[in-house]
Number of protein chains: 2
Amino acid sequence: MPHTYEHPRPALTVDAVVFGFDPAAAGGLRLLLIRRGQAPFKGGWALPGGFVRIGETLDEAVRRELSEEAGVDEAWLEQFHAFGALKRDPRERVVSVAYFALVRPGEVRGGTDADDARWFTEPEVAAAKLAFDHAEIVARARESLRERVRRRPAGFELLPEKFTLTEMQRLYEAVLGRTLDKRNFRKKALSFGLLIPLDERRRHGAHRPAQLFRFDRRKYAQLAKRGIDFEV
Amino acid sequence: MPHTYEHPRPALTVDAVVFGFDPAAAGGLRLLLIRRGQAPFKGGWALPGGFVRIGETLDEAVRRELSEEAGVDEAWLEQFHAFGALKRDPRERVVSVAYFALVRPGEVRGGTDADDARWFTEPEVAAAKLAFDHAEIVARARESLRERVRRRPAGFELLPEKFTLTEMQRLYEAVLGRTLDKRNFRKKALSFGLLIPLDERRRHGAHRPAQLFRFDRRKYAQLAKRGIDFEV
């Protein structure tokens, strides 16, 4: 049934920049992209996303699209910017509210809506020439995520329940896109009283067994609210 | 002429949380509010804002509304969040992209669209019971602004061309909502190489004349891009 309004309205969409972090893998964050099954940019790679329905919030819309298009049912999501340039979609005026998401790559099941969904490394993203203004959205998402981990604790939704400081450091290195000094990182990470040392160790290859930690949930929630200053 | 779409579309608006900073006045930031001339919330106080036109970007829409409704032609604007709760407007589904703005109160001319526009102190805002979800938008804007001044230089668009360190400190105190230690603030403020000392002093009441500074434009632009860590 068609819907009529007195004034023309932009279409409203949500898009998700889904970064994958796998503590067992080396290298930076990977990005989950969807191959477009229809014009425009048919066959090209794009962010998962779609139209906001009249009866759902923005958060609900992005969770639905992530599940339908990308097979992502669990993600740490944060809205970071609305993109409203006039010609960003060649079909009509579309304003998109963008989110970044962090997931464990192992937890992603296959998508259903999309022809194809797969993880891209950073050089692959650069080579893929994303559809619409999605390269700009990705660049801005990376920036927001870097700022996010400097002012709020990160990792609760991303690391395994028990993790080593090396795994936590790899997460920060992946987000920040640079190597961190091990001693400084450890000192800083332990300074917030966020990490509870466990009476367990884990062996990584030939290294000596590493101390395992878990997050103090209450302290984490408190610091997520109040903010921290994590400069490493 | 009415416009017809296959699926119902939320209305799209922009809203602006306009904070005023006057270096000569004591106290925190003031907030510019508009008295609503029509239902819903007729006679109540609300943020300036309105519908995004099909041919304008989000930034253009908020600048137009600020000029029309609030008499604000010059402002430092930053988009911070899109609000999409289902019942935030009793008339229909409306999604609003919100901005915060910082202006010098003296530069605001009278509004034209609105019945009334005036500056509110923080206790007055709390007592005014803002329309819609505007109290929530204001709370979130304050938080975004506090984070903004901790990670980017601030003041270029807000302080007079020549200013004293006391005036700059007052700006930070107004944004952060707390008193800062004078010596720490000065040390930190001077540490970025942002401030150029002038060969001029200004007298404030009975105090000894204070050194005047101006911003180094190039350095300011550079640090605005790269980010700083301003913890005071």
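Both F163(B) and F215(B) are buried, and this pair of phenylalanines opens a briefing on a structure that is a predicted model. The rings of F163(B) and F215(B) have centres 4.8 Å apart and planes at 40°, so the pair counts as tilted, lying between the limits of 30 degrees for stacked and 60 for edge-to-face. The two residues connect distant parts of chain B, since F163(B) belongs to the loop between α3 and α4 whereas F215(B) belongs to strand β10 (residues 210-215), with 52 residues separating them along the chain. The points below take up aromatic rings, helix packing in chain B, two residues of chain A, and backbone geometry.

**Aromatic rings and charges**

- Over all chains, the count of aromatic pairs comes to 27, and the tilted pair of F163(B) and F215(B) is described above.
- In chain A, one aromatic cluster is formed by W76(A), F80(A), F83(A) and F100(A).
- Arginines also meet ring faces in chain A: R9(A) lies over the face of Y5(A), at a distance of 3.9 Å from the ring centre, and R118(A) places its charged end over the ring of F120(A), 4.1 Å from the centre of that ring.

**Helix packing in chain B**

- Helix α3 (residues 134-151) and helix α4 (residues 165-176) of chain B have axes that come within 9 Å of each other and cross at roughly 140°; α3(B) and α4(B) are therefore classed as oblique, as the angle is neither in the range of 65 to 115 degrees for roughly perpendicular nor over 145 for roughly antiparallel.
- On the α3(B) side this contact is made by L145(B), R146(B) and V149(B), and on the α4(B) side by Y172(B), V175(B) and L176(B); by class, the contact has 5 nonpolar residues, 1 charged residue and no polar ones.
- The axis of α4(B) also comes within 10 Å of the axis of helix α5 (residues 182-191) of chain B, and the two cross at roughly 100°, so that α4(B) and α5(B) are roughly perpendicular to each other.
- To this second contact α4(B) contributes L165(B), T166(B), M168(B), Q169(B) and Y172(B), while α5(B) contributes K182(B), F185(B), R186(B), A189(B) and L190(B); these residues divide into 6 nonpolar, 2 polar and 2 charged.
- Y172(B) takes part in the contact of α4(B) with α3(B) and also in the contact of α4(B) with α5(B).

**Two residues of chain A**

- L33(A), which is found in strand β3 of chain A, has a relative accessible area of 0% and is therefore buried, the limit for that class being under 20%.
- Not counting residues up to four places away in sequence, L33(A) touches W45(A), A46(A), L47(A), D116(A), A117(A), R118(A), F120(A) and L130(A); among them are R118(A) and F120(A), the charge and ring partners named above.
- L33(A) and A46(A) are 13 residues apart along the chain, and their C-alpha atoms are separated by 5.6 Å.
- R186(A) is located in helix α5 (residues 182-191) of chain A and, with a relative accessible area of 25%, is partly exposed.
- Leaving aside neighbours within four places in sequence, R186(A) is in contact with L165(A) and T166(A).
- The C-alpha atoms of R186(A) and A117(A) are separated by 36 Å, the two residues being 69 apart along the chain.

**Backbone geometry**

- Most peptide bonds are trans, and most residues other than glycine have a negative phi.
- In chain A, the peptide bond leading from A39(A) to P40(A) is cis, with omega near -5°, and P40(A) is placed in the loop between β3 (30-35) and β4 (45-46).
- In chain B, A39(B) and P40(B) are joined by a cis peptide bond with omega about -5°, and P40(B) lies in the loop between β3 (30-35) and β4 (45-46) of that chain.
- F41(B), a residue other than glycine, has a positive phi near 65°; F41(B) lies in the loop between β3 and β4 of chain B and, at 37% relative accessibility, counts as partly exposed.
- F132(A) likewise has a positive phi, near 50°, and is found in the loop between α2 (122-128) and α3 (134-151) of chain A; because its relative accessibility is 18%, F132(A) counts as buried.

Methods:
Residues are numbered from 1 along each chain as its sequence is written. Chains are lettered from A and ligands numbered from 1 in the order in which they are written. This is a predicted model: local features need pLDDT of at least 70, side-chain atom pairs count only at pLDDT 80 or more; totals for chains, interfaces and linings use all residues. Side-chain values use heavy atoms; hydrogens and water are left out. Axes are lines fitted to C-alpha atoms, for helices over the stretch in contact, and angles run from 0 to 180 degrees between N-to-C directions. Helices (H or I, at least four residues) and strands (E, at least two) are DSSP runs, numbered from the N terminus. Angles under 35 degrees count as roughly parallel, over 145 as roughly antiparallel, 65 to 115 as roughly perpendicular and the rest as oblique. Contact means heavy atoms within 4.5 Å. Ala, Val, Leu, Ile, Met, Phe, Trp, Tyr, Cys and Pro count as nonpolar, Asp, Glu, Lys and Arg as charged, and the others, Gly among them, as polar. Rings of Phe, Tyr and Trp (its six-membered ring) pair if their centres lie within 6.5 Å; planes under 30 degrees apart count as stacked, over 60 as edge-to-face and the rest as tilted. Buried means under 20% relative accessible area, exposed over 50%, partly exposed in between (1.4 Å probe, protein chains only). A charge sits over a ring if NZ of Lys or CZ of Arg is within 6 Å of the ring centre and within 35 degrees of the ring normal.
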